[in-house]
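Student: Hi! I've just opened this one and could use a guide. Can we walk through it together?

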Amino acid sequence: MNNTTPLLSVEGLNKAFPVGGSLFKKPALLHATRDVSFTLNAGETLGLVGESGSGKSTIGRCILRLHEPTSGKVVFDGTVITTLSPIAMKAMRAKMQIIFQDPYGSLTPRMKIGQILAEPLKIHTTKSAVERRETVLEMLTHVGMRASHADRYPHEFSGGQRQRIAIARTLIMRPEMIVADEAVSALDVSIQAQIINLMVDAQREYNLAYLFISHDLSVVKYMVDRVAVLYLGSIVEMAKRDDLYRTPTHPYTQALLSAVPRVNKAKRAEKTYLSGEIPSPLNPPKGCPFGPRCSRVISRCKLEKPELRDVGGGHMAACHVV
Amino acid sequence: MLRYILNRIIYLLPVLFIMSLVVFSFIHLIPGDPVDAILGLNASDEARAAVRKSLGLDRNIVVQYISWIGGVVSGDFGDSVVTGEPVLKLILEKLPATLLLAFASILVSVFIAVFAGTIAAVNKGNWTDMSVLVLALAGISVPVFWIAILAVLAFSVTWPIFPSIGYVSPLEDPIAALRHLTLPALCMGAALAGAIARMTRSEMIEQLGKDYIITARAKGLSPREVTYRHALRNSLITVVTFTGLELGTLLGGAIIVETIFAWPGLGLTAIQSIFSRDYPMVQGIVLFLAFFFVFVNLLVDISYTFLNPQIRLDNGK
Amino acid sequence: MKTKPLLEVRNLKTHFFTYNGVAKAVDDVSFDIAPGEMVGIVGESGSGKSVTARSVMRIIPSPPGKIVGGSIAFDGRALLELSDKQMQDVRGNQISMIFQEPMTALNPVYTVGYQLREVILKHQDKSKAQAFELAEEMLRLVGIASPDQRIKEYPFQMSGGMRQRVIIAMALACRPKLILADEPTTALDVTIQAQILKLIRELSDELGTAMLLITHDLGVSAETVGRVLVMYAGQVVEEASTDDLFGNPLHPYTEGLMTSMPSLASDLTKDSGRLIEIPGVVPNLTNLPGNCYFYARCPKRTDHCLEQIPELKSLDNGRKVRCILYE
């Protein structure tokens, strides 16, 4: 695998959902993501951070074509997947997996754990039932469960355990990339740490790339190599982890970081309180989407949407003022 | 809100059209020749041809349909073979009695059922709940003619409280009208009441488990206020839909109830027309009832706008 | 405590009688809240923090739950001895509660104004018009712009942050002496959370309302309250002032929580080291051991820990810990 070409390349990704509409009225368009572009290298973790309406989950799903992008190009491992036929896409799916937020909804309640884990093997490989069973048990113990768990049903396990099972399911096909969509958000703090450690270990062992989608800036800081901050469907800042967290450039990133409550009193900064609400993606503001709530807004911000540009050393920001 | 209603009315038109096709086909698919029914089996060929011609049965079936539906749209449902009078006129004469009966039974059964369902939900699991469920099941399962006959036996014969047959117009004598109305209305409403009670119960149980109920309790509202003002109000949306759908069952029961209690409504007339092979009459009544049913459902849909603020405000964003 | 406490909870026990056994959700919890004070309860799921608050309000679903022991004194009255009707007078009036999910906490078929007026008319001797006015005033107090328009809106027309403001308005409408806030900002976006926490702090100061803030987020607790209780498996395992607790946690569980949490303030990333996790899971509340409940997961455990369940001991500096290491 060539070290200089990225594993995943997203160019100009757009996804619009039709909303409302009836016999008399054309539906309105909700632009969940607007013209999003980024890359992800093999073995690397890119964090997608944002609040409601940021479009981060939609991006993750469009990359896997769980939603069909409205326009744009996604290139994975050298192949343009946005134009693949369903059969070809199916083969691709073995290499790109997803972990969802809800550990209680992502496992089929009527299947035993062993069956759930064996399913991808059935679909993508020609292993015999005995071989599949062996692989399943191996993976199960690898993620910290016991072999005896394979014959039980999902409802018999806790949230953290189910997330381990979900991770086992993604790892069983030795994928190259995993989209983690709020994978630890629904877990208790003490369990979260266990799952985070498990994911980091798995990354090292299998040279996985993660697209780590989360609203929790602290967890993201621990997990990622690079971060992209999203607001109302567009990337407003993208940089290496340390660059972003130490010197956030975009006013939204700065407000976001200051809003996070901190335990350590000494490290607590002066908070920037944003006024107003996050606007609805159905009716985005003209020009810069963050304009109405920004303390540094100038007249240009209302007219022209800023492009993502390099503000020094590969640190990207979409702002007229910085 | 207006857009919603307009939407509903426009969707109605294809439904009415298809229904008329179905009614027409059904009548003409019934085995047996109407001419035989009218003239008997030993009529001469000329007499048969004459009758066939007068009924328009010698024409192409599509032409028959178009001619019929054209008449319907302009209010001419044809003439009764038995009395010779216009079908529509006869229907409209008999309609008030059926409407009175239907209205009374819906009113009583809905009231009782919603209340019973609520009590059952609040007392979920204990004897009160079980009793309501058993009674509801009985109401749904026991055939209406059996209930009717038992009711007559109990309340007209053994304890002569209510008259067993007949009809008195409320405009003439309200008290007597009420006495005659009681048994038929209760019998007809029994099945509907059972179904609504169960539906109310399950919907209430669901609503009572929701977060806004806890907020209501935390505000210091009494259990009654929480149950009726908050939970029930939300349950009504489903209960009203359900009632609208179940009205069809009610109308079906009308035919039997009217026959048993000699209630001179559309149901009784329908039975009589069927027995006398009065095809235009039967066709007319069935179509009329079907249109009526669709119209009632339209009213149910419109009532949503009052019950559900999200629809009233066009799914405000 | 120098002033008489507003709320005195002593040895509270709330159990749930389920098919699988008796879940001891709250098992011998005691604490005080002074008038106007802001106290926090921190814990994970199954810790009993929510059940504690709901026990004070006496809104535990019964069956299967039941307050089986202890006492709750509020403003001099014994809450557990009040009749249902007397308790209804207290709820929403002297003690209010706000909950986690603003999206579902409001009745969808009534306007916001109606729901606000409802609590006002229930507890205060006001006319409908006066209640209307007060409702509008409350919306303004919680920072909602154009309250005269908003008051006629339905919950579905409002965002999560705004709904939570409405809920706060409803909770404060009758000027209660105590507010129980159960994860009030957990379901909100980070920037909205900051706004709402600021609002809660300011209003509490302004109106002199005491607050019990329940959360799993240590940061939220650290920035909002003055004193914190840490709960685990139905018991209080540590109690201290915010600065003391987070600056120098004593109980191994508290320590474990803090080291297993990634934080913006620390430089720890996946490249520099692992998160120090607390192994295992929370014990089953229907099957609690006869010794320290945290024993199985504790990095500092010894054989002595198996002897009995440790008591919550008061230390000299006003702190309390439930651990044999401090006895």
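Tutor: Happy to. Let's begin with a term we'll need: two strands count as paired if DSSP finds at least two bridges between them. Keep in mind that this is a predicted model.

Student: Okay, where can I see that pairing in chain C?

Tutor: Look at strand β4 (residues 65-74) of chain C, which is joined to β5(C) by two bridges, with the strands running antiparallel. One bridge to look at has A73(C) with A78(C) in β5(C) as its partner.

Student: Which sheet order do those strands belong to?

Tutor: The order is β2-β1-β4-β5 in chain C, four strands in an open sheet with antiparallel pairing. β2 (21-33) and β5 (77-78) of chain C are at the edges with a single partner strand each, so one side of each has no neighbour in the sheet.

Student: What holds strands together in a sheet, generally?

Tutor: Strands of a sheet pair through backbone hydrogen bonds, and they can do so parallel or antiparallel.

Student: Now a helix. How many residues of α1 in chain C are buried?

Tutor: Nine of the nine residues in helix α1 (residues 49-57) of chain C are buried, so to speak of it as mostly covered is fair. Among them are K49(C), R54(C) and M57(C). Just after α1(C), R58(C) has a positive phi of about 55 degrees.

Student: What about strand β7 of chain C, buried or exposed?

Tutor: Strand β7 (residues 178-182) of chain C is mostly covered, with five of its five residues buried. L178(C), L180(C) and D182(C) point one way from β7(C), while I179(C) and A181(C) point the other way.

Student: Why do they split like that?

Tutor: In a regular strand the side chains alternate between the two faces of the sheet.

Student: Which strands does β7(C) pair with?

Tutor: β6(C) is joined to β7(C) by four bridges, and the two run parallel. There, I95(C) has L178(C) of β7(C) as its bridge partner. β7(C) also pairs in the parallel sense with strand β8 (residues 210-215) of chain C, over five bridges. In that pairing, I179(C) stands opposite M211(C) in β8(C).

Student: And what links β7(C) to β8(C)?

Tutor: Helix α7 (residues 190-207) of chain C makes a right-handed β-α-β unit with β7(C) and β8(C).

Student: Let me zoom out. How is chain C divided into domains?

Tutor: Chain C has domain 1 (7-94 + 178-326) and domain 2 (105-173). Their centres, taken over C-alpha atoms, are separated by 30 Å. Where they touch, 13 residues of domain 1 of chain C are in contact with eleven residues of domain 2 of chain C.

Student: Which element gives the largest share on the domain 1 side?

Tutor: That is α7(C), with seven residues of the side of domain 1 of chain C that touches domain 2 of chain C. By class, that side of domain 1 has ten nonpolar, three polar and no charged residues.

Student: Switching chains: how is chain B divided?

Tutor: Chain B has domain 1 (2-73) and domain 2 (87-312). The centres of these two domains of chain B are 31 Å apart, taken over C-alpha atoms. Between them, 14 residues of domain 1 of chain B are in contact with 14 residues of domain 2 of chain B. On the domain 1 side, α1(B) gives the most, with ten residues. That side of domain 1 of chain B has twelve nonpolar, one polar and one charged residues.

Student: How many residues of chains C and B are in contact?

Tutor: 26 residues of chain C are in contact with 18 residues of chain B. On the chain C side, α2 (84-90), β6 (95-98) and α3 (112-123) each supply at least two residues. The largest share there, four residues, comes from α3(C). By class, that side of chain C has 13 nonpolar, eight polar and five charged residues.

Student: Last one: how many helices and strands are in chain A?

Tutor: Chain A has ten helices and twelve strands. Its radius of gyration is 21 Å, close to the 20 Å that the globule rule gives for 322 residues, so chain A is as compact as a globular protein of that length. Of those 322 residues of chain A, 47% count as buried.

Technical notes. Residues are numbered from 1 along each chain as its sequence is written. Chains are lettered from A and ligands numbered from 1 in the order in which they are written. This is a predicted model: local features need pLDDT of at least 70, side-chain atom pairs count only at pLDDT 80 or more; totals for chains, interfaces and linings use all residues. A residue is buried if 20 or more other C-beta atoms lie within 10 Å of its own, exposed if 12 or fewer, and partly exposed in between; C-beta atoms are placed from the backbone. Two residues are in contact if their C-beta atoms, placed from the backbone, lie within 7 Å. Ala, Val, Leu, Ile, Met, Phe, Trp, Tyr, Cys and Pro count as nonpolar, Asp, Glu, Lys and Arg as charged, and the others, Gly among them, as polar. The radius of gyration is taken over C-alpha atoms; the globule rule is 2.2 Å times the number of residues to the power 0.38. Domain bounds come from an automatic or database domain assignment. A crossover is right-handed if, with the strands pointing away from the viewer, the path from the first strand over the helix to the second runs clockwise.
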